[in-house]
Every structure is written in structure tokens, then in C-alpha cells.
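Open the model in your viewer and keep the sequence panel in view. The stops below say what to select and what is there.

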Amino acid sequence: MDINKMTVLATASGVILLAVLWGLKKKNWDFGIRTIIALVFGGILGSIFKGHVEYIAMVGSIHVRLISALVIPLLFFSIISSIASLNSVKILRSIGGKSVFWLLLNTFTASVITMILSIVTGVGKGMEVTLTEDYVAKEVPSIIDTVKNMFPSNIFSHAVNNEIVPVIFFSVMIGIALVTLGTREEEAAKPFKTFIDSGAKVVFEAIGFIIELTPYAVMALIANAVSNSSMQKLIPLLLVLTVAYAACVIQAFLVEGTFLAVFAKLNPLRFFRGIWPAQTVAFTSQSSVGTIPVTVRQLMKLGVSEKIASFVAAFGANVGMPGCAGVWPTILAVFAIHALDIPYSFLQYLFLIVLTVIVSVGTVGVPGTATITATAVFAAAGLPIEIIVILTPISSIVDMARTTTNVTGAAAAAVLVAKSEGELDLALYNGEQDESVTKSAKMEAE
């Protein structure tokens, strides 16, 4: 078997860098700092050894698989446990309604911001676009199929296929049944509730182990992303890439931060500091669903109750999606309008924004969310769907920002819902609890 020398050198270099990261952990370096260093290491490795980092990339792939393996158990145990702890279906309706409001508002603001930036910068203007004849668009599910597929039929089949929404509905159904039974026959419901609560704790413990491996996975995933990028393909689309990232940054940080400061009277910097590990996993794994365990864990560290964190984080990974349903379809639509010189009125632009909000609910649970939402918007707006394939070279790079925006929006929604429901530990959110523990430890030492 022929061994590529560059691959061997890349692998050896990667192992050394992984060892350095491990050494920093042994010296108790901060998790966030180690993650940033890992990002830099990955960028350097991918740039130097283009096309030869497949063995190091495997480290990131394994990490993503491990996190993904815990998603279904996490949803099952944590959602049922969360609903059971509510002790009231009325409270569940309140939480669900508020969650939908904030998640859809995220999509709306993301779409508006992206449209303004795209029109002002002239995304797509002057581009020579040739529509491909052999491009086959992804099939957009009908409304009837979409609604039917949201409900469970075979829970084991849904779990195997990682179909999140039916699992959520199944878990909600069992949770409501448990609450109903508990109010009528407490002793009959108690053993099952104990099992569910214990299962949730075990899953969270396993998640803690895997999250500690995040810096190593970040280095591997970034190295792979940089290694497989071709600048020749990206140069003509750099404006689209720049605008997409700008829109994601504005939505994820400025908009979400403003929501927290204005409507919840909370310090947004505390939020971003706490949610940083989840943003990092989202950016590198490009999976909103795969990031759910990390998002829930970080929300709980911020003082959000487990029931709110579990419910809204899971719900937000499938509904709303400001990055995939707000930013991406909007920028593609404006690109198509400008590139093909399609006359578009103000009302038609407004209709595009409305479509993105509707589609963010209509394509829930469908694989390839960003592409399918864009396809649905294009089909509904009468735009040429073939345009979508032209921006494929940058889609995976933008997906890092899109996923981070999705996860940040869901996390912010969880904090906003928790604050309104009185389910946010303000002392823990503001770091006062940590400070008191530190002071107490110092006093004991003295």
C-alpha cells in the first residue's frame, strides 16, 4: 500500500498539536481559550496540508457522532422529565406559546437584516449566471406530508433515522400522560418518573465527558474545512459570503443581545460568555440538532431551569432557525433577483420575508434544512430554483455561521422564556453564586 508522505506528515503534526491541547488542559487553561487555540491550530494545519488531513479529521467526526448518539436519549428523558416537573398542562401551553413567538421573531429579524444588507451591497449584481439544465432541485414536501411527518408512527424507526420532531412529539405525549396520571394516581406514576429523572441525569453526565473533548474536535473539524476549501471557486462569491456572515453576526450577537437587554433586562455579555461552548460546537459541527446537548448544559449553567432549557433548545433546533430559514434563503433570493435582473417591487420583497417565516415552520425536521428552506422559498416566490446550486461552493462555509446563529437564537429564546416564567436563577446568571462560593472557599482556607 502506497503511503502519501504529506498525509503522514499532516497526521504527525496533528497529533503533536492535539498533544499540546491536552497539555494545556493538564495545566488548567480555560476551556474557551483552549477552544480558540484549537481553532487557530486547525486553520494552520488545514492551510499547510490541503487535502491531506483525513486522519486528523476523523477525530472531529468521531466527536460529532458521539454527541449525535446522545441527542435522542437526551430529548426523550429530558423532555419527559421537564414536562413532568411542570405538574400542569396549562404551564406547558404557556411555555410553548412563548417559545414559538421568540423563535419565529428571530427568523423574521434575520430575514429583514439580510435583505437590507443584500440590497444595499448589491449582492449578485453584475454576475453572469448560466442556469444548469441538468440540475434537479430537492423535492419540497407538501403541507400535508409535512404535518403528517411531524407526528410519530414508529418511535424506534424515528430514533434510528434521527428524526427529531416525531421524537419530540412522542416525548411530549408521554410527558403529558405522566402529569395527568400523577395528578390522579401519584403512586402509580412515581416509579416511571423516578426512572425518567435518573435517566436524564445519566445522559447529562455522559454529555459532560464528551464536551470536555470539544477543543480537540474543533481543531480537527476546522482543519478539514480549510483543507477542502478552494479559493478559486470562492472568489466570485466573496461578497455573498461576507454579507451572509455579517447578517449572521448581527442577528446572533446584536439582535439577540438587544432582546435580552430590552425585554429581559439581562446583561447580554453574561449570556454570550455562558453560551460560547455551544456556539463553538455549532460552528464546527454545523449541526443544530447535534449541538442540543451542549446548548442545554450551558443554559443550565446560566441559571435556566432544566425543563425550559431542554424544551426550548430542542424546539429551537427545528423551528425558527434564523440562520438556515432567515439568512440563507433571503440572500439567495436577492442574489437571483439582482443577477437575473428580475423586476421586484417593495411588496414582493416583503412577501419574501413572510415566506421565510412560514417556511421556517413548514420544513421542520427535513434533512438539509438550509437547502430545502431556500428551495421552498424560491418555489413559492416563483424564482428559478437552479440558482441555489450556483452558491453551493460557499454553502458549507456559510453553514458554520448559519448553525451558530440557529443555536444562539434558540438559547436566547430559552433565556427569555425562562425569565418571563420565573425559571431563571438570576444569581447564577449574573455570576453572584459563583463569586459567593469562591469567597466562602477563600475564608475556609484562611
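Start with lysine 201, which counts as exposed because its relative accessibility is 64%. Bear in mind that this is a predicted model. Lysine 201 is part of helix H8, which covers residues 186–211. Now add serine 78 to the selection: 123 residues separate serine 78 from lysine 201 along the chain, but their C-alpha atoms are 8.7 Å apart.

**The whole chain**

Zoom out and show the chain as a cartoon. What kinds of secondary structure does the chain have, helices or strands? There are 21 helices and 0 strands. Of the 446 residues, 51% are buried. Among contacts with a separation of 6 or more, 83% join residues that are 24 or more positions apart. If you switch to a surface view, the exposed area is about 20,800 Å², with 66% of it supplied by carbon and sulfur atoms.

**Helix H1**

Select residues 5–26, which form helix H1. The end C-alpha atoms of H1 are 32 Å apart, and this agrees with the 32 Å expected for 22 residues at 1.5 Å a residue. The expected span is 1.5 Å times one less than the number of residues.

Next, color the buried residues of H1: Thr7, Ala10, Gly14, Leu17, Leu18, Leu21 and Leu24. Turn the view to look down the axis of H1; the buried residues fall within an arc of 110°, so they line one face of the helix. An α-helix has 3.6 residues a turn, so residues three or four places apart point the same way. Then pick Lys5, Ile16 and Lys26, which are exposed on the other side of H1.

Move to the N-terminal end of H1 and select asparagine 4, which caps it. A side-chain oxygen of asparagine 4 lies 2.8 Å from the backbone nitrogen of methionine 6.

**Two residues with positive phi**

Past H1 comes asparagine 28, in the loop between H1 and helix H2 (31–48). Asparagine 28 is not a glycine, yet its phi is positive, at about 65°. Is asparagine 28 buried or exposed? Asparagine 28 counts as exposed because its relative accessibility is 67%.

Now go to methionine 321, in the loop between H14 and helix H15 (322–339). Methionine 321 is another residue other than glycine with a positive phi, here near 45°. With a relative accessibility of 4%, methionine 321 counts as buried.

**Serine 310 in H14**

Go to helix H14, residues 306–316, and select serine 310 within it. Serine 310 is buried, as its relative accessible area is 1%. What does the side chain of serine 310 reach? Show the backbone of glutamate 306: its oxygen is 2.9 Å from the side chain of serine 310. Then select serine 81, 229 residues away from serine 310 along the chain; the C-alpha atoms of the two serines are separated by 9.3 Å.

**The cysteines**

Select cysteine 248 and cysteine 324 together. How many disulfides does the structure hold? The structure holds 0 disulfides. Cysteine 248 is in no disulfide, and its nearest cysteine sulfur, in cysteine 324, is 8.7 Å away. A disulfide is a covalent bond between the sulfur atoms of two cysteines. The cut-off for counting one is a pair of cysteine sulfur atoms within 2.5 Å. At 8.7 Å from the sulfur of cysteine 248, the sulfur of cysteine 324 is therefore too far for a bond. Cysteine 248 is buried, with a relative accessible area of 3%. Cysteine 324 also counts as buried, at 7% relative accessibility.

**Threonine 375 in H17**

For the last stop, select residues 369–381, helix H17, and find threonine 375 there. Is threonine 375 buried or exposed? Threonine 375 is buried, with a relative accessible area of 1%. Add glutamate 386, 11 residues from threonine 375 along the chain; the distance between their C-alpha atoms is 9.2 Å.

Note on methods
Residues are numbered from 1 along each chain as its sequence is written. This is a predicted model: local features need pLDDT of at least 70, side-chain atom pairs count only at pLDDT 80 or more; totals for chains, interfaces and linings use all residues. Side-chain values use heavy atoms; hydrogens and water are left out. Helices (H or I, at least four residues) and strands (E, at least two) are DSSP runs, numbered from the N terminus. Buried means under 20% relative accessible area, exposed over 50%, partly exposed in between (1.4 Å probe, protein chains only). Contact means heavy atoms within 4.5 Å. Accessible areas come from the Shrake-Rupley method with a 1.4 Å probe; for residues, only the protein chains shown count as cover. A polar contact is a pair of N or O atoms within 3.5 Å; within protein, one must be able to donate a hydrogen and the other to accept it, and residues adjacent in sequence count only if both atoms are side-chain atoms. The arc is that of the directions from the helix axis to the C-beta atoms.
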